[in-house]
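Open the viewer and show the chain as a cartoon. We will go from the whole chain to single elements.

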Amino acid sequence: MPTPPVDEPPEADEIDTNHIYDATNIIAASDSSVNPITGEATYNWRITTYDKRGLISKSSFVDSNPMYMNSYRGEMAGLNDLIEWLHATDLRRKVIKIVCDNESCVKALNKDTFSLVDLDKAEFDLIRDIITKLKDINDITIEW
């Protein structure tokens with residue numbers, strides 16, 4: 001007996017997005033991966049609701065000099081893209097919890113002050129820009 005055809009699932013960034021926009025609380029996660037040999041990096045972030053009925057997702061390569069790439073920079077690129085996306089949409093008015101598995105990134109974004117001595121200029125500028133966007137989002141926490 002032949003198997004019945006299977007409907008292709010919708011793209012990950014299109015799964016019940018209306019449910020996410022209707023929810024009061026949303027959760028987002030960001031992660032990255034760096035190839036230690038080539039220095040190439042990618043990230044993926046996902047936004048969903050606590051009942052997991054909706055999903056918005058994005059993946060991308062990190063545009064950077066592979067010679068200087070590390071996991072911190074890959075994670076920060078993903079967080080930056082996620083926060084830029086949230087900032088540009090009505091989701092910035094929701095109660096948002098962001099989870100990231102890089103403790104250093106989370107600490108950098110939750111810190112009130114940091115020194116340029118601790119970071120290079122590009123990282124300093126990126127963190128400053130992310131923190132500026134975070135101030136425009138109503139209720140957001142970033143956890144490790």
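Start with the whole chain, a predicted model. Of its 144 residues, 38% are buried. Its accessible surface comes to about 9,000 Å². Carbon and sulfur atoms hold 52% of that surface.

Now colour by secondary structure. You should find 4 helices and 5 strands. From the N terminus, follow the order α-β-β-β-α-β-α-α-β.

Switch on contacts next. Take those between residues at least 6 apart in sequence: 66% of them join residues at least 24 apart.

Select the strands. In what order do the 5 strands lie in the sheet? The order is β3-β2-β1-β4-β5, in an open sheet with mixed pairing. Look at the edges: β3 (55–61) and β5 (139–143) each pair on one side only. Neighbouring strands are turned by 15° against each other on average, direction ignored.

Zoom in on β1 (residues 25–34) and β4 (residues 95–100). They run parallel and share 6 bridges. Pick serine 30; its bridge partner in β4 is cysteine 100.

Add helix α3, residues 103–110. This helix packs on the sheet and touches β4 and β5. Its direction makes about 145° with that of β5.

Last stop: helix α2, residues 71–87. Set a distance between its end C-alpha atoms: they are 24 Å apart. That agrees with the span expected for 17 residues at 1.5 Å a residue. Is α2 enclosed or open? It is largely enclosed by the rest of the structure, because 12 of its 17 residues are buried. Select some of them, including Tyr72, Met76, Leu79, Ile83 and Leu86. Glu75, Asn80 and Asp81 are also among the buried residues.

How values were computed. Residues numbered from 1 in each chain as written. Predicted model: local features only at pLDDT ≥ 70, side-chain atom pairs only at ≥ 80, totals over all residues. Heavy atoms only, no water. Helix = DSSP H or I, 4+ residues; strand = E, 2+ residues; numbered from the N terminus. Expected span 1.5 Å × (residues − 1). Buried < 20%, exposed > 50% of the residue type's maximum accessible area, 1.4 Å probe, protein only. Contact = heavy atoms within 4.5 Å. Areas by Shrake-Rupley, 256 points an atom, 1.4 Å probe, with all protein chains shown as cover. Pairing = 2+ DSSP bridges. Axes fitted to C-alpha atoms, helices over the stretch in contact; angles between N-to-C directions.
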